[in-house]
Amino acid sequence: MKLAVLKERRAGEARVAATPETVKKLKGLGLDVTVEAGAGQGARIADADYEAQGAAIAPDAATALKDADIVLKVRGPDSAEIAAMKKGAVLAAMLAPYTEKDTVEKLAAQGVTAFAMEFIPRISRAQSMDVLSSQANLAGYKAVIDAAAHFGRAFPMMMTAAGTIAPARVFVMGVGVAGLQAIATARRMGAIVSATDVRPATKEQVESLGATFVAVIDDEFKQAETAAGYAKPMSAEYQAKQAALTAEHIKKQDIVITTALIPGRKAPVLVSEEMLKTMKPGSVIVDLAAEQGGNCPLTCADEVVEAHGVTLMGYTNLPSRLASDTSSLYARNLFNFIALIVGKKTGTLALNWDDEIVKGAGLTRDGAVVHPGLKGT
Ligand code: NAD
């Protein structure tokens, strides 16, 4: 069976779906691997490095896709790529199914069996395939590094002969995978860190990292987590109480990192313009929710802007800015998924649709959109 790895074509996407390490492992499954020329460029991987592990290099996407049974990508394919895929081919990529419905429909029409890596259920058996975690972890780290680079002061307290420099105060809003890594990174850099979330489980996690937990703890807060471990949309009353508490806290912060998301919905507004006006000049907000509308209404997606003396950073693809590391983790996530769907002895596709991982990530099959979360949307 032929497996193709395509070059990413979207502006600002530097990651790649396979590394020389995973090419070797994919070959070990009995697959013939073809990599499109230049696919690894953004992640600093040369074509020759893939070739050294046994991959063939194709000059363009159409050649790579010809007769390919499995296709690996980082982001969803464009129309030309979809048109070049053969009927019955399997595609695994981060397909953003809620926002890129058109792509999902085109894949179904082409007869491609598409898997969205973001939909892999977060069960223990699938932890090694969890792309949300592998990418968000590095995004949380990079958010703090970006903030520090734009902040005109130091992070740690410094006692010098010329006097003492006060430590920076960092407030992390939303303590999922990215938020936890942001807390840990800011703490390592010597900042005084606080954090908030609506899920009760996060209080202990925040405190175990040496940060202070700031939240309205009422009955609604105690029920704010879904069975899948995600946040529920909060009531208008709760949001008002949360805003009052945040407004007081934020005045004293230097850096605010917002990561609050609710799957499939617009991000909640947590930092209003009124709050932003009370922040100290020179403060920095990194809005990791920028792609879903932002946790601050003044955030501009993919831009760094200044408002009321505060820098707002709205990069929508922080993982791409650490492309070597994020590609390496993403490629391993993909390999682990492919190892699940390729028969070990036969080297052929062995899709078990009763497996909750296959069922959870599967979007299209036999010409139709089959994921229950997408049907009729
Ligand atoms: P996410 O990216 O969906 O959201 C980020 C954070 O924003 C979440 O912690 C959420 O509670 C928070 N949030 C939402 N609305 C908010 C509001 N109004 N105010 C403040 N915070 C708000 O989250 P994620 O990083 O994908 O993690 C979600 C869950 O998945 C967590 O429970 C995490 O522990 C769990 N998880 C499980 C596994 C696994 O078992 N394999 C792996 C990774 C994560």
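Which residues are the closest to the ligand, and how many surround it? I started the notebook with this point. The model I am reading is a predicted one.

**Entry 1: ligand shell**

I counted 21 residues around the ligand. The closest are Arg122, Ser133, Val177, Asp197 and Arg199. I then sorted the shell by class and got ten nonpolar, seven polar and four charged residues.

**Entry 2: polar atoms at the ligand**

I looked up three distances from ligand atoms to protein atoms. An oxygen atom of the ligand lies 2.6 Å from a side-chain N or O atom of aspartate 197, a residue also listed among the closest. For glycine 176 the partner is in the backbone: a polar atom there is 3.1 Å from an oxygen atom of the ligand. With glutamine 242, a nitrogen atom of the ligand is 2.9 Å from an N or O atom of the side chain. I also noted the cover: on its own the ligand has 850 Å² of accessible area, and the protein covers 84% of that.

**Entry 3: second largest pocket**

I went on to the second largest pocket and recorded a space of about 160 Å³. Its lining consists of Arg10, Ala11, Gly12, Arg75, Glu291, Asp302, Tyr315, Thr316, Asn317 and Arg321. By class I have five charged, three polar and two nonpolar residues in this lining.

**Entry 4: positive phi**

Asp302 from that lining came up again in the backbone angles. Aspartate 302 is not a glycine, yet its phi is positive, at about 65°. I placed aspartate 302 in the loop that runs between strand S13 (284-287) and strand S14 (304-307). Most residues other than glycine have a negative phi. I made a second note of this kind for alanine 96, where phi is positive and near 40°. Alanine 96 is also in a loop, between strand S5 (90-94) and helix H5 (101-110).

Is alanine 96 buried or exposed? I found neither: alanine 96 is partly exposed because its relative accessibility is 22%, and buried would need a value under 20%.

**Entry 5: valine 369**

I looked up valine 369 last and found it in strand S17, residues 368-369. Valine 369 has a relative accessible area of 23%, so I class it as partly exposed. How far is valine 369 from arginine 187, in sequence and in space? I noted 182 residues along the sequence and 45 Å from C-alpha to C-alpha.

Methods
Residues numbered from 1 in each chain as written. Predicted model: local features only at pLDDT ≥ 70, side-chain atom pairs only at ≥ 80, totals over all residues. Heavy atoms only, no water. Helix = DSSP H or I, 4+ residues; strand = E, 2+ residues; numbered from the N terminus. Buried < 20%, exposed > 50% of the residue type's maximum accessible area, 1.4 Å probe, protein only. Near = heavy atom within 4 Å. Polar contact = N/O pair within 3.5 Å; in protein donor to acceptor, adjacent residues only side chain to side chain. Areas by Shrake-Rupley, 256 points an atom, 1.4 Å probe, with all protein chains shown as cover. Nonpolar A, V, L, I, M, F, W, Y, C, P; charged D, E, K, R; others polar. 1 Å grid on protein atoms, 1.4 Å probe; cavity = no way out; pocket = protein on both sides within 12 Å on 5 of 7 lines; lining within 4 Å. Points joined across faces, edges and corners; volume = space filled by probe spheres on them.
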